[in-house]
Amino acid sequence: MQALVMYHYLQHKTPTPFLLPSSHPQLTPHTRLKTPTPLKLRTRPLNYSIQMDGGGVDSDGRAFTSAEEMWLEEVGEGDPNKKSRWYSQGVGYWEKGVEATVDGVLGGYGHVNKPDIEGSEAFLKSIFAEKFPDAGKGRHLVALDCGSGIGRVTKNLLIRYFNEVDLLEPVSHFLETARSNLAAENSTVADENKAVNFFCHSLQEFTPEAGRYDIIWVQWCIGHLSDDDFLSFFQRAKVGLRHGGIFVLKENIAKNGFVLDKEDKSVTRSDAYFKQLFKNCGLHIYKMKDQKGFPDELFAVKMYALTTELPKRVSSSRTRTKRHANRPAIIK
């Protein structure tokens, strides 16, 4: 396959491996890729002051010196038709031929479901213990699952901790499967916990109900948004949080800069890139943690808990990892 297939299930929770063609000039046929090697050039900021750590590459092997250069080419500047094509191609990728099953939405990596849920649950519990009195007991809790896919995260995690969960998903056959999976007769949780609303909308078009959510969970979907729509989404989504509410963003992480997947129209950003975007959104990192237990050939994955107010303290995982442990890509 003459393409760089990145960890491409960002919209619907699929950690699919990312591969470089053997013809790529930086690699030999048997090189195990830790990360793309973007050019480390000084770049001028985007018009909304986004600066990140170097350039990036796309799935055709092209190098970009800056994110601005890439976004201008992909979505244009003030060109609604070009941006619309970007989003329709991204949704279209998942509408065509991706089965509405756990293994389907996880790109054949259904076995990562267990460590993914376990890592998310541990992170969620730590947030509950610190942010909500009595770990949320006695409080009617509501969550929004963004990029919910077939309801995998809602069914395996969120509905066990929240009285109500709303699901947001642009691919209609995934959302209908989620509705079936979460129907009362298929539920294994208490009657008072249920999936309530199923919104068939994309992130860039959605505005939540004001003050409804304790947690807005955004997993493997934000990579489909351009930087300006990333900012506008979180500005609108802030209104949907209750007082003391929190965002959880769980995402695939590039080691440097970014990696653009031309096929599904998504971008894998680095930690530094995300942190600059958070700053521009007026969001603060309450805590963050690395996902463990995924195959080495997948991108690293990180969880961020984000607040709209400056937290009194910031917690992060500071475990030392061996240099060779972070291997987001393989060569085949």
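The largest nonpolar core of this predicted model holds 41 residues, among which Cys146, Ile216, Ile222, Phe230, Phe233, Phe278 and Tyr304 touch the most other members. A second core, separate from this one, is made of 28 residues, including Ile127, Leu141, Leu167 and Met303. These cores belong to a protein of 332 residues, of which 57% are buried. The secondary structure consists of 8 helices and 14 strands. Among contacts with a separation of 6 or more, 73% join residues that lie 24 or more positions apart.

A good place to begin looking at the helices is α5, residues 152-161. This helix is mostly covered, with 7 of its 10 residues buried. The buried positions of α5 are Arg152, Val153, Thr154, Leu157, Leu158, Ile159 and Tyr161. Both helices and strands contribute to the cover over these residues: it includes α3 (102-105) and α4, together with β4 (142-146), β5 (164-168), β6 (194-199) and β7 (213-219).

The pairing of α5 with α4 can be described in more detail. Helix α4 spans residues 113-131, and its axis comes within 10 Å of that of α5, with a crossing angle of roughly 25°. Because angles under 35 degrees count as roughly parallel, α4 is roughly parallel to α5. The crossing of the two helices is right-handed. On the α4 side, the contact is formed by Asn113, Asp116, Ile117, Ser120, Glu121, Leu124, Lys125 and Phe128, which meet Arg152, Val153, Asn156, Leu157, Arg160 and Tyr161 of α5. By residue type, this contact divides into 6 nonpolar, 3 polar and 5 charged residues. Several of the α5 residues named here are also buried, among them Arg152, Val153, Leu157 and Tyr161. A general feature of helices is helpful when reading such lists: an α-helix has 3.6 residues a turn, so residues three or four places apart point the same way.

Another arrangement is found where α1 meets α2. The axis of α1 (residues 67-75) comes within 7 Å of the axis of α2, and the two cross at roughly 90°. Since angles of 65 to 115 degrees count as roughly perpendicular, α1 is roughly perpendicular to α2. Trp71, Leu72, Glu73, Glu74 and Val75 of α1 meet Lys82, Lys83 and Trp86 of α2. The contact comprises 4 nonpolar and 4 charged residues, with no polar ones.

Of the α2 residues in this contact, Lys83 deserves a separate look. Lys83 sits in helix α2, which covers residues 80-95. Its relative accessible area is 19%, so Lys83 is buried, the cut-off being under 20%. Apart from neighbours within four places in sequence, Lys83 contacts Val75, Ser226, Asp228 and Asp229. Val75 is one of the α1 residues that meet α2.

Burial is also seen in a loop. Pro311 lies in the loop between β12 (300-307) and β13 (315-316). With a relative accessibility of 14%, Pro311 counts as buried. When residues up to four places away in sequence are not counted, Pro311 touches His284, Ile285 and Tyr286. The C-alpha atom of Pro311 is separated by 9.3 Å from that of Lys287, a residue 24 positions away along the chain.

Note on methods: Residues numbered from 1 in each chain as written. Predicted model: local features only at pLDDT ≥ 70, side-chain atom pairs only at ≥ 80, totals over all residues. Heavy atoms only, no water. Helix = DSSP H or I, 4+ residues; strand = E, 2+ residues; numbered from the N terminus. Buried < 20%, exposed > 50% of the residue type's maximum accessible area, 1.4 Å probe, protein only. Contact = heavy atoms within 4.5 Å. Axes fitted to C-alpha atoms, helices over the stretch in contact; angles between N-to-C directions. Parallel < 35°, antiparallel > 145°, perpendicular 65-115°, else oblique. Left-handed = near helix turned anticlockwise from the far one by under 90°. Nonpolar A, V, L, I, M, F, W, Y, C, P; charged D, E, K, R; others polar. Core = buried A, V, L, I, M, F, W, Y, C linked by side-chain atoms within 4.5 Å.
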